[in-house]
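Me: Could you walk me through how to read a few surface features in a protein model? I would like the general idea and then the case at hand.

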Amino acid sequence: MGRLIQCSSKLAKRPYHFHRTDTRVYSIEEVCYYMRKNIYIMQGEIFDLGFVVWLREELDMPETADKMEHMLKNHADLKDIVVTLCCSCDYYDESQINEMIRIMEETDHLPAREKLKIQADNELQCGHYERAVEIYTAILRDDDMLQANPIEYGPIYHNIGVSFGYLGEYNKAAESFLHAYEKNNREESFKSYLFALHLAGKDDAWKVAAERLDVPADQIIRLEAEYNEVRKRCSISPKVRKVKRLRYLAGSGRLSEYYDKIKRNIQDWKEEYRREISV
């Protein structure tokens with residue numbers, strides 16, 4: 001499921017398989033967690049009579065199974081199904097369940113691709129960059145994008161670039177920003193493309209694309225100046241000063257203190273990275 005979930009109910013020997021996301025769950029708590037993480041793409045057909053059988057035989061939840069069977073046969077609203085399942089265990093409290101219902105009501109009218117983008121944007125905002133890339137890429141590959149306006153591609157490619165940038169994948173970030181600019185013609189995307197190339201050590205690689213896309217020379221000069229200013233500010237940032245301090249310790253022979261700080265910094269970076277990729 002992607003994170004540790006404490007389950008107080010029975011664990012299934014045979015998991016239930018959500019085919020849309022290729023996810024297997026072993027408990028009612030995992031079902032609730034799955035619904036919350038995929039609230040923007042929830043569809044009624046993800047629950048069927050096979051799910052009812054799984055509840056009854058694998059989790060030993062006959063009352064919940066009976067309720068589910070009745071609701072499915074009567075084509076109950078998906079929100080009622082979500083509430084029933086969440087109320088069958090104590091994984092989420094009332095306010096969290098109400099929040100799920102609010103999201104479903106607000107996004108009910110949106111096309112599937114727009115719901116997915118909201119989910120991906122939230123993952124990006126929460127720092128789950130790999131998960132964001134995964135969802136954005138799924139949007140681009142989905143047949144639903146055949147109905148999309150060409151301009152819809154720009155923000156998706158741009159946000160993929162942002163995600164790759166945070167992950168330090170600057171070449172991939174630059175490629176995504178360039179795709180975004182080709183779709184939306186926004187200066188922000190070309191600026192991000194330019195900055196990503198600099199970070200990748202490809203300072204002049206933008207020239208071919210700039211010529212092909214007729215980017216004005218004065219715009220390039222202005223963006224280059226902005227990059228140099230940003231780089232100057234970053235050079236005095238707390239994180240950079242911390243690295244310079246480490247170099248000073250090593251150069252002055254204070255190796256014991258140097259290795260101690262290196263160990264702690266690496267541990268902090270590991271924890272930060274785990275938070276960023278956790279889903």
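**Patch and salt bridges**

Reply: Happily! Val243, Ile266 and Trp269 make a nonpolar surface patch of about 260 Å². This is a predicted model, where local features need pLDDT of at least 70, side-chain atom pairs count only at pLDDT 80 or more, and totals for chains, interfaces and linings use all residues. Residues are numbered from 1 along each chain as its sequence is written, and side-chain values use heavy atoms, leaving out hydrogens and water.

Me: What makes a patch, and where is Ile266 found?

Reply: Patch residues have over 30% relative accessible area and no salt bridge; like charges are joined within 9 Å, and nonpolar side chains (Val, Leu, Ile, Met, Phe, Trp, Tyr) within 5 Å. Areas come from the Shrake-Rupley method with a 1.4 Å probe, and for residues only the protein chains shown count as cover. Ile266 is found in helix H14 (residues 255-277); helices are DSSP runs of H or I, at least four residues, numbered from the N terminus. Ile266 has a relative accessible area of 38%, so it is partly exposed (buried is under 20%, exposed over 50%, partly exposed in between).

Me: How many salt bridges does the structure hold?

Reply: There are 19 salt bridges, each a side-chain nitrogen of Lys or Arg within 4 Å of a carboxyl oxygen of Asp or Glu. Arg102 pairs with Glu99 at 2.5 Å between the closest N and O atoms. Arg102 also bridges to Glu106, at 2.7 Å.

Me: Why are Arg102 and Glu99 separated by about one helical turn?

Reply: Because Arg102 and Glu99 are three residues apart in helix H5 (residues 94-107).

Methods:
Helices (H or I, at least four residues) and strands (E, at least two) are DSSP runs, numbered from the N terminus. Buried means under 20% relative accessible area, exposed over 50%, partly exposed in between (1.4 Å probe, protein chains only).
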